[in-house]
Amino acid sequence: MNKQPEPITALYCRLSQEDTKEGESNSIANQKAILAKYAKEDGFRNTQFFIDDGFSGVVFDRPGFLAMMEGVKDGSIKTIIVKDHSRLGRNRLVIGTLLEEDFEHYGVRYIAIMDNIDSDKGLSDLVPLTDLFNEWHAKNTSQKVKSVKQAQGNSGIPLTPNPPYGYKKNPNGKHWLVDETAAEVVRRIYALCMDGKGPAQIAKILAKDKVFTPNEYKRSAGIKTPSALPQKSFDWQPSIVAAILERPEYIGHTVNFRTYRKSFKVKKVMFNEQTEWKIFEDTHEPIVETAVWERVQEIRKGKRRPVKSGKVSLFSGLVYCADCGQKLYYRAQNGNSDDNEYFVCSSYKGNTGACTGHFIRELILFNLVLTHMRRVLAYVKQYEDLFIRAVNKKTTDEQVKAIAAKKKTAGQYAKRLQELDLLFQRLYEDNVANRITYERFLKLSATYETEQAELKKQSEKLETELVEEKKAVSDTERFMSLVRSYTEIDALSPTILHDFIEKIVVHAPDKSGGKRKQKVDIYYNSVGIIDIPGEDDMVEYLKERRRKRQGKQNKTA
């Protein structure tokens with residue numbers, strides 16, 4: 001007859017990061033020594049240690065604990081011994097289930113040495129109270145850690161323990177240093193995006209060139225990474241590239257409070273809305289120029305995705321409908337003809353949507369934009385003063401109109417708020433004099449209060465917009481600097497387009513004259529629509545410039 005193997009006595013040790021602050025008494029070495037001594041003196045044989053070093057007691061996906069529970073379920077473990085009850089865990093609900101159901105079901109004896117708990121002698125009614133105190137301890141510790149993190153985060157100290165790819169920890173300071181090897185890859189990713197490549201295309205290029213992924217690069221440098229999952233060394237994913245393209249850290253900013261946890265018991269990381277982030281500018285050396293980063297964000301807003309044929313248009317994400325304001329979708333039908341590639345309003349949907357078919361062929365759009373950009377460059381370079389004067393005047397006129405319109409609306413809001421105050425007063429008097437029922441009073445007052453709250457909200461928003469409107473000025477110098485950096489434009493590229501063009505607005509075609517005509521507005525970055533003066537205006541400007549030059553010469557003479 002085969003002899004049954006002797007059951008295992010599990011000696012379980014657990015130490016969290018918070019427990020290390022309490023000194024040597026809770027160290028793994030001390031726990032092991034106490035458990036080994038107790039097992040020997042009390043005659044427990046076939047002992048085996050199960051250890052979780054650096055794991056919180058409120059979670060139970062600890063490797064040592066899980067391995068021990070496998071032994072419980074397969075019947076090989078019949079006794080579990082811990083130094084004190086809190087080593088098993090600090091979640092009263094889970095611990096209660098373990099003691100009263102799981103260990104009972106599998107016939108496991110549970111001993112907590114320091115708390116004088118032995119399930120064979122019966123569990124005291126005080127055990128649930130001990131579990132409650134253990135949980136309170138975890139909650140209190142969590143609150144203290146959270147308070148420290150809040151203070152650090154609000155002071156601008158980076159909360160993430162792992163610097164973003166491209167940076168490394170500074171042994172002598174709180175902020176990061178540039179890791180030049182990885183930083184070169186980051187710069188390359190931004191350059192590829194500026195050149196019109198999307199995250200999926202960039203990922204393929206990096207994988208083809210056998211560039212280590214961020215995790216693999218850190219592992220190769222001996223840096224501990226959050227993920228323990230095996231990865232292919234060059235397995236770049238579009239999501240990794242997209243995350244790099246969106247991080248403000250690469251222009252020298254620290255971003256805190258990106259994530260949070262709902263409870264000290266729940267370790268799942270949740271993501272805050274961007275409005276909840278705290279951003280501290282210029283805290284470390286940037287890897288990417290601010291102008292490049294901002295341009296990439298604009299490019300990312302109009303994400304360019306290939307159609308089924310695999311083609312991607314230069315203009316994808318830049319073309320909008322003049323009537324409904326939605327983007328125009330790029331379409332490329334089968335065939336090699338340029339006539340098969342066109343843009344159509346995304347709200348059109350085959351004459352069944354909310355808009356009409358604002359249709360324009362890509363080739364026509366290409367030639368139109370290229371021609372206009374060449375004319376703009378020639379005009380701005382030759383008639384710089386005239387251009388700046390015209391842009392500033394147009395900006396001023398537009399601001400005056402916008403401010404006047406908003407002031408008028410603000411006045412209407414203020415008048416209605418005064419009317420509501422009078423209505424409230426009369427309503428109150430009618431209620432006191434019993435001219436209306438109390439139910440009627442409550443219903444009307446609730447309606448007026450809702451309207452008043454919404455008006456106040458809109459008024460505050462309008463005031464903010466007015467302040468911003470008064471501050472807003474056209475950045476002509478930035479546009480001039482861009483124009484000066486180009487001698488001429490031979491052809492369009494993603495970089496040139498995104499350098500110059502903010503958006504292209506396509507109007508519905510006009511067929512009233514028997515011939516199809518279509519208006520297209522090109523909005524340039526920083527300056528909006530540029531109206532190129534006619535020949536008469538140019539001649540008048542040159543005459544004025546000659547008169548001024550002659551006047552200066554006469555004064556000098």
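This passage walks through an enclosed cavity, a nonpolar surface patch and two loop residues in a predicted model.

A good place to start is the interior. Rolling a probe the size of a water molecule over the atoms shows where empty space is left. In this model the search gives 1 cavity of 30 Å³ or more, and the largest cavity holds about 40 Å³ of space. Its lining is made up of Leu 99, Phe 103, Glu 104, Val 108, Tyr 110, Ser 119 and Leu 123. Helix α4 (residues 92-105) supplies the largest share of that lining, with 3 residues. By character, the lining residues comprise 5 nonpolar, 1 polar and 1 charged.

Turning to the surface, Leu 126, Leu 129, Phe 133 and Trp 136 together make a nonpolar patch of about 440 Å². Trp 136, one of these residues, belongs to helix α5 (residues 127-154). With a relative accessible area of 47%, Trp 136 counts as partly exposed, since that class sits between the 20% and 50% cut-offs.

The backbone also offers two details to look for. Most residues other than glycine have a negative phi. Asp 282, although not a glycine, has a positive phi of about 55°. Asp 282 is found in the loop that links β11 (278-280) and α10 (290-301), and is exposed, its relative accessible area being 63%. Asn 434 is likewise not a glycine and shows a positive phi of about 60°. The loop between α12 (384-432) and α13 (438-471) contains Asn 434, which is exposed because its relative accessible area is 66%, over the 50% cut-off.

Note on methods: Residues are numbered from 1 along each chain as its sequence is written. This is a predicted model: local features need pLDDT of at least 70, side-chain atom pairs count only at pLDDT 80 or more; totals for chains, interfaces and linings use all residues. Side-chain values use heavy atoms; hydrogens and water are left out. On a 1 Å grid over the protein atoms alone, a cavity is a set of points where a 1.4 Å probe fits but cannot get out, and a pocket is an open set with protein on both sides within 12 Å along at least five of seven lines; lining residues have an atom within 4 Å of a point. Grid points are joined across faces, edges and corners, and a volume is the space filled by probe spheres set on the points. Helices (H or I, at least four residues) and strands (E, at least two) are DSSP runs, numbered from the N terminus. Ala, Val, Leu, Ile, Met, Phe, Trp, Tyr, Cys and Pro count as nonpolar, Asp, Glu, Lys and Arg as charged, and the others, Gly among them, as polar. Patches are made of residues with over 30% relative accessible area and no salt bridge: like charges are joined within 9 Å, nonpolar side chains (Val, Leu, Ile, Met, Phe, Trp, Tyr) within 5 Å. Accessible areas come from the Shrake-Rupley method with a 1.4 Å probe; for residues, only the protein chains shown count as cover. A salt bridge is a side-chain nitrogen of Lys or Arg within 4 Å of a carboxyl oxygen of Asp or Glu. Buried means under 20% relative accessible area, exposed over 50%, partly exposed in between (1.4 Å probe, protein chains only).
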